[in-house]
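Me: I would like to take a close look at a single part of this model. Please describe the helices and what lies around them in one connected account.

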Amino acid sequence: MKKMLMINGSPRSSGSSAEILRAVAESASGKGFVCEMINLGELRISHCKGCRYCKAHGKCVIDDDMSPLYGKIQDADAIAFSVPVYFGAENGLFKNFLDRLYALIDNKDGTRTVRFGKEKKGIVAVNCGAPDGNMTYHGIMAHLFNVLKSFGVTDISSGIVPKASPETVRGSQFLKDLIEAFEFQMSL
Ligand SMILES: Cc1cc2nc3c(=O)[nH]c(=O)nc-3n(C[C@H](O)[C@H](O)[C@H](O)COP(=O)(O)O)c2cc1C
């Protein structure tokens with residue numbers, strides 16, 4: 001069985017970001033994935049201290065709920081990010097998670113290597129309240145693409161879901177398009 005690790009970046013475990021991942025999981029299980037959802041809002045993940053301990057020791061100096069996630073990320077065949085927009089950017093909870101991925105980047109003698117584990121597919125779903133957010137927030141998507149690309153993940157399906165609410169997000173054409181893109185990606 002292939003593993004998909006799903007990161008719900010919202011502090012809300014039953015919000016739109018989670019609902020988007022549930023819809024993706026239904027599709028992914030039909031494609032042979034076992035999906036695990038991580039609700040960042042239920043975890044205690046401190047912000048990166050910027051101490052660079054990880055560069056000398058190959059692991060983060062902070063031992064908190066991020067610690068088990070490193071192995072889960074490395075072991076996954078696909079990684080899905082579902083992220084709400086806060087003030088025109090990814091929310092801080094998710095950004096803290098991203099910053100802590102710095103511990104998976106080695107830089108020895110000027111040579112940069114990443115420890116992101118298995119080759120993976122990527123899925124990035126951004127959602128927001130604004131009705132025109134699909135046109136406004138491409139910069140966030142480009143940024144999240146670049147983060148995944150920096151870890152060697154280049155095969156990415158993505159979508160921005162505007163005017164999101166947990167009750168209506170399933171009916172969003174933008175979510176349907178994202179799932180269609182994912183299923184096409186899996187068929188290649
Ligand atoms: C602090 C805060 C800031 C927000 N800023 C924006 C914003 O700049 N643009 C936008 O379209 N929606 C914004 N929203 C709305 C959320 O992006 C939207 O409700 C999202 O669907 C929440 O996802 P969730 O249900 O998974 O928590 C903001 C919400 C909060 C709580």
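Reply: The following account begins with one helix, passes to a second that packs against it, and then turns to the ligand and a hairpin. The model is a predicted one.

Helix α7 covers residues 173–187. At 1.5 Å a residue, its 15 residues should span 21 Å, and the end C-alpha atoms are indeed 21 Å apart, so expectation and model agree. Which residues of α7 are buried? They are Leu-175, Leu-178 and Phe-182. Seen down the axis of α7, these buried residues fall within an arc of 60°, and therefore they line one face of the helix. On the other side of α7, the residues Gln-173, Phe-184 and Ser-187 are exposed. The buried residues of α7 pack against three elements, namely α1, β7 (121–127) and β8 (155–161).

The contact with α1 leads to the second helix. Helix α1 comprises residues 16–30. Its 15 residues should span 21 Å at 1.5 Å a residue; the end C-alpha atoms of α1 are 22 Å apart, which agrees. The buried residues of α1 are Ser-16, Ser-17, Ala-18, Glu-19, Ile-20, Leu-21, Val-24 and Ala-28. They pack against the strands β1 (2–8), β2 (33–39), β3, β7 and β8, and also against α7. After α1 comes Gly-32, which has a positive phi near 90°.

Helix α1 also has a place in the surroundings of the ligand. The ligand is surrounded by 17 residues, and the closest are Ser-10, Gly-15, Ser-17, Cys-128 and Ala-130. Two elements, α1 and β3 (78–86), each give two or more residues to this shell. Strand β3 supplies the largest share, three residues. Ser-17, one of the closest residues to the ligand, is also one of the buried residues of α1. Sorted by class, the shell contains eight nonpolar residues, eight polar residues and one charged residue.

A last feature is a hairpin. Strand β5 (residues 105–108) and strand β6 (residues 111–114) run antiparallel and are joined by four bridges. Lys-108 stands opposite Thr-111 in β6. Two residues lie between the strands of this hairpin, and Asp-109 takes a positive phi near 50° there.

Notes
Residues are numbered from 1 along each chain as its sequence is written. This is a predicted model: local features need pLDDT of at least 70, side-chain atom pairs count only at pLDDT 80 or more; totals for chains, interfaces and linings use all residues. A residue is near a molecule or strand if its C-beta atom, placed from the backbone, lies within 6 Å of it. Ala, Val, Leu, Ile, Met, Phe, Trp, Tyr, Cys and Pro count as nonpolar, Asp, Glu, Lys and Arg as charged, and the others, Gly among them, as polar. The expected span of a helix is 1.5 Å times one less than its number of residues. A residue is buried if 20 or more other C-beta atoms lie within 10 Å of its own, exposed if 12 or fewer, and partly exposed in between; C-beta atoms are placed from the backbone. The arc is that of the directions from the helix axis to the C-beta atoms. Two residues are in contact if their C-beta atoms, placed from the backbone, lie within 7 Å. Two strands pair if DSSP finds at least two bridges between them.
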